[in-house]
Amino acid sequence: VWVWLVRFLSSPYINSDERLLRFWKLIRQHDFQVLPELIYPKLFSPPSFDTRKWNALQHKFVLVLREFLVQQELRQEPLLTGLAAINSRSERKLYDLADDTTEAYQTLLEDSQLPPWEQLTERRRLHQRRYESYSGPPDIKHALEAQLWHQVQYCLLELRFSMEALLADSEVKEEYKSSSVSNEHLTGLATPLVDDYPLLGFYLLFFQTIHEGTFSITVIKQCEAAYYQWYEHLHLEDQSFFFVKLSTLLNRSMGQQHPKARERYFALQQFGFAKGIFLRLGNIHLLTFLNICMVGTSLGKLDWVEQFRTAHLPQVAPKDRSKAALLSEAHLAYGRADYAKVYTLAGQVNRLPKLLRLQFYGLQIKALTERYLRDQIAASILIHYLRSAKAFVRYHSDLQEKYQAPMLGMVQVIQKMIQLKEKGRKNPDKQPLKTLLESYTHINAGEWLREKIEQL
């Protein structure tokens, strides 16, 4: 695939800007990372960084790469037309060959600094090319009338596009609502086609779940069961796409404190690790990486978390890698009951942005509380740190309420725990403390706090 891409970029008929070929070669030299500080001086003179030139170059490259993907598909299957039933083996080969190029294309889109809505529409064009030639898994009915198959293609494309838009930020959601077909229209088109093309029902289930936004435990479990059932029938990229979407749904389920939500989320991550999905995803977002490490250590799966951390830390963006290393190491230290190490790592906390610093405060409070309950430190040390955490939240008033309130609730409950323990009673009355804890709708480490209260 890479040889063909170099030939494609070398053609003056297709590419009139020789910098695009040099740009691609530099990306490959740097392990497919787009590093402007290293690449820009080798492409432009003077070497002082110009954001406008850099963005224009990346945008041009994305457009050329998109055309290459189309040519690659046509080169592999020149006789491919709307209704032709493709032999499943040759079809899988075709998409496997294009998979590396598609991944590079996705990575470049993420790094291109295009507005989010333009990135999303570029991805939509990429998937449109694939759906125009993809006839589905071999055990699904191929003999669809041409018009019917065209409708199926359209529904698959729009459902996927809609799911991405609905889980994006508010700006993208607004663009989507103003420029896309309505939910009722899309559902009305897709539903009658499910009997002939059952995979469409799988797409529709995820779309309706995300569109409704209620994320009830029953519906999320249906999505889980459907994903595991359909996994082997999905194209490689769709396996990864729905893995990410199901992870998002289960993450929301954890936020709503659904029973066993952490276990189910972690089981999905183990599944993705075993199937090599994380390698296919390319870059892993910092918060995703930390969430997996945090949930794994909370469930006592320390060896697995260590394996995951070693294998996939390099996939975190270079600018975030040191943060991911620091916080994942702290979570592992806490999981191994090495609370003193968590405390020593606190010296590096100023390297973190405020939201991650808040997360570290929560971990450090838990570590100090564990040491206090074991009579390894005085109450004054823990009280001082609780006041520091509270002051940090108050000072950063721009933090959203959903981050502030759970931390302040945790601080208040632990302060009351200290007061109760310092009274030195043999059988203290824990009920007021339990009532206080249950009064919080959202609180950091709720299950852990219940456990610690019982230990008093």
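Which residues form a positive surface patch? In this predicted model, the patch is made up of Lys-173, Lys-177, Arg-252 and Lys-402. One of these, Lys-177, lies in helix 8 (residues 170-179), and with a relative accessibility of 56% it counts as exposed.

Turning to paired charges, a search of the whole structure gives 18 salt bridges. Among them is the contact between Asp-238 and Arg-160, whose side chains meet at 2.5 Å, N to O. This pair ties together distant parts of the chain, since Asp-238 belongs to helix 12 (residues 236-255) and Arg-160 to helix 7 (residues 146-166), 78 residues apart. Asp-238 is buried, at 1% relative accessibility, and Arg-160 is buried as well, at 4%.

A salt bridge within a single helix is found between Lys-323 and Asp-320, where the closest N and O atoms are 3.4 Å apart. The two residues sit three positions apart in helix 17 (residues 318-335), so about one helical turn separates them. Lys-323 counts as buried at 15% relative accessibility, as does Asp-320 at 14%. Elsewhere, Glu-370, Arg-374, Glu-451 and Lys-452 are joined into one network by salt bridges that share partners.

Asp-17 and Arg-19 also form a salt bridge, with 3.5 Å between the closest N and O atoms. Here Asp-17 is buried, with a relative accessible area of 11%, whereas Arg-19 is partly exposed at 27%.

Finally, the cysteines: the count of disulfides comes to zero. Cys-223 is buried, with a relative accessible area of 0%, and Cys-293 is likewise buried at 0%.

Notes:
Residues numbered from 1 in each chain as written. Predicted model: local features only at pLDDT ≥ 70, side-chain atom pairs only at ≥ 80, totals over all residues. Heavy atoms only, no water. Patch = residues over 30% accessible without salt bridge, like charges linked within 9 Å, V, L, I, M, F, W, Y side chains within 5 Å. Areas by Shrake-Rupley, 256 points an atom, 1.4 Å probe, with all protein chains shown as cover. Salt bridge = Lys/Arg side-chain N within 4 Å of Asp/Glu carboxyl O. Lys, Arg positive; Asp, Glu negative; His and termini not counted. Charge placed at Lys NZ, Arg CZ, Asp CG, Glu CD. Helix = DSSP H or I, 4+ residues; strand = E, 2+ residues; numbered from the N terminus. Buried < 20%, exposed > 50% of the residue type's maximum accessible area, 1.4 Å probe, protein only. Disulfide = S-S within 2.5 Å.
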